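Here are a few short exercises on aromatic rings, each with a worked solution. Have your viewer ready and try each task before reading on.

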Amino acid sequence: MSLFVNEGDSVTLHTDVKTNQHEKIKWFFDDTRIAQISGDLSKICTDVGCNEETERFRDRLKLDDQTGSLTITDIRTTDSGKYKLQIISSNSMSEKIFSFTVHDVPDAETDKMKTKSVKEGDSVTLDSGVIKNPKDLIMWYYNDTHISEIARDPSKICTGDECEDADGRFRDRLKLNNQTGSLTITDTRTTDSGDYHLEIITNSSSIRRQYSIDIISEKSLSGTGSNGIVFFLAMAGACLGVLLVVAGVTGECRRKLASVKSFFYPKTNQTAVL
């Protein structure tokens, strides 16, 4: 099975078995053992705990103790390659090969895609970055609350409080692109600020992609006349100071600078795309 993922994503490779039905489940990367779990859970190891040569995965591997499925977090381009799953029973052994390529996404493009500040009332689109495969399940979450989904059956699409775990805050304000699974939030509110994540689930794997949105209220942008302008110029100056000192701008500064830009250069009917 082949996958294409972006740097920074999390990927789970599924075994489709139960650990208690087998003696051992082993994972290899380019023939180097990187994880193992026994059926009775007496032996569980990942990365350097299994093999000192797996330093590259330090603290980024997780094993599901019920299924033996392997999750690799904070994917890097050096993680590209072949992964072998080995399932060992008392009288048999089966193997499965996974292969994935990690795309090196420039920092600026990553920030544009995954982090955005928009004015209250504008629309914002979270770009899935994929063309949906008919066999895939695409699910969106807001702070771990399930808010939208495109099932493998294209007739089964839910948004907002239509989804089982949604809390109703997005009622009639979510739109899903049934070709890509990208999610658009209309008439944004400050309560929409927070962390979002996308899960793309295939038959044998799943990809998790993180997003962050900061909705800026009109009141905080306008301030009180010239005092508001001075306040936001001060924020921008502070961020530029950070830039000069550490040669980089933090995510928080990017959001503040975006707010300043939006204040001085407003656009009508604006839709921000992540």
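**Aromatic pairs: exercises**

This predicted model holds nine aromatic pairs.

**Exercise 1.** Classify the pair formed by Phe 57 and Tyr 83, and locate both residues in the chain.

*Solution.*
1. A pair of aromatic rings is described by the distance of the centres and the angle of the planes.
2. Here the ring centres are 6.3 Å apart and the planes stand at 65°.
3. Planes over 60 degrees apart count as edge-to-face, so this pair is edge-to-face.
4. Phe 57 sits in the loop between β5 (44–46) and β6 (61–63), whereas Tyr 83 belongs to strand β8 (residues 81–88). With these positions 26 residues apart, the pair links distant parts of the chain.
5. Both Phe 57 and Tyr 83 are buried.

**Exercise 2.** Do the same for Tyr 142 and Tyr 196, then decide whether each is buried or exposed.

*Solution.*
1. The centre-to-centre distance is 4.8 Å and the planes make an angle of 50°, which gives a tilted pair.
2. Tyr 142 lies in strand β12 (residues 137–142) and Tyr 196 in strand β17 (residues 194–201). They are 54 residues apart, and this pair too links distant parts of the chain.
3. Buried means under 20% relative accessible area. Tyr 142 has 5% relative accessibility, so it counts as buried; Tyr 196, at 1%, counts as buried as well.

**Exercise 3.** Which residues form one aromatic cluster, and which residue lies over the face of Phe 28?

*Solution.*
1. The cluster consists of Phe 29, Phe 57, Tyr 83 and Phe 100.
2. Lys 84 lies over the face of Phe 28, 5.1 Å from the ring centre.

Terms used: Residues numbered from 1 in each chain as written. Predicted model: local features only at pLDDT ≥ 70, side-chain atom pairs only at ≥ 80, totals over all residues. Heavy atoms only, no water. Phe/Tyr/Trp six-rings, centres within 6.5 Å; stacked < 30°, edge-to-face > 60°. Helix = DSSP H or I, 4+ residues; strand = E, 2+ residues; numbered from the N terminus. Buried < 20%, exposed > 50% of the residue type's maximum accessible area, 1.4 Å probe, protein only. Lys NZ or Arg CZ within 6 Å of the ring centre and 35° of its normal.
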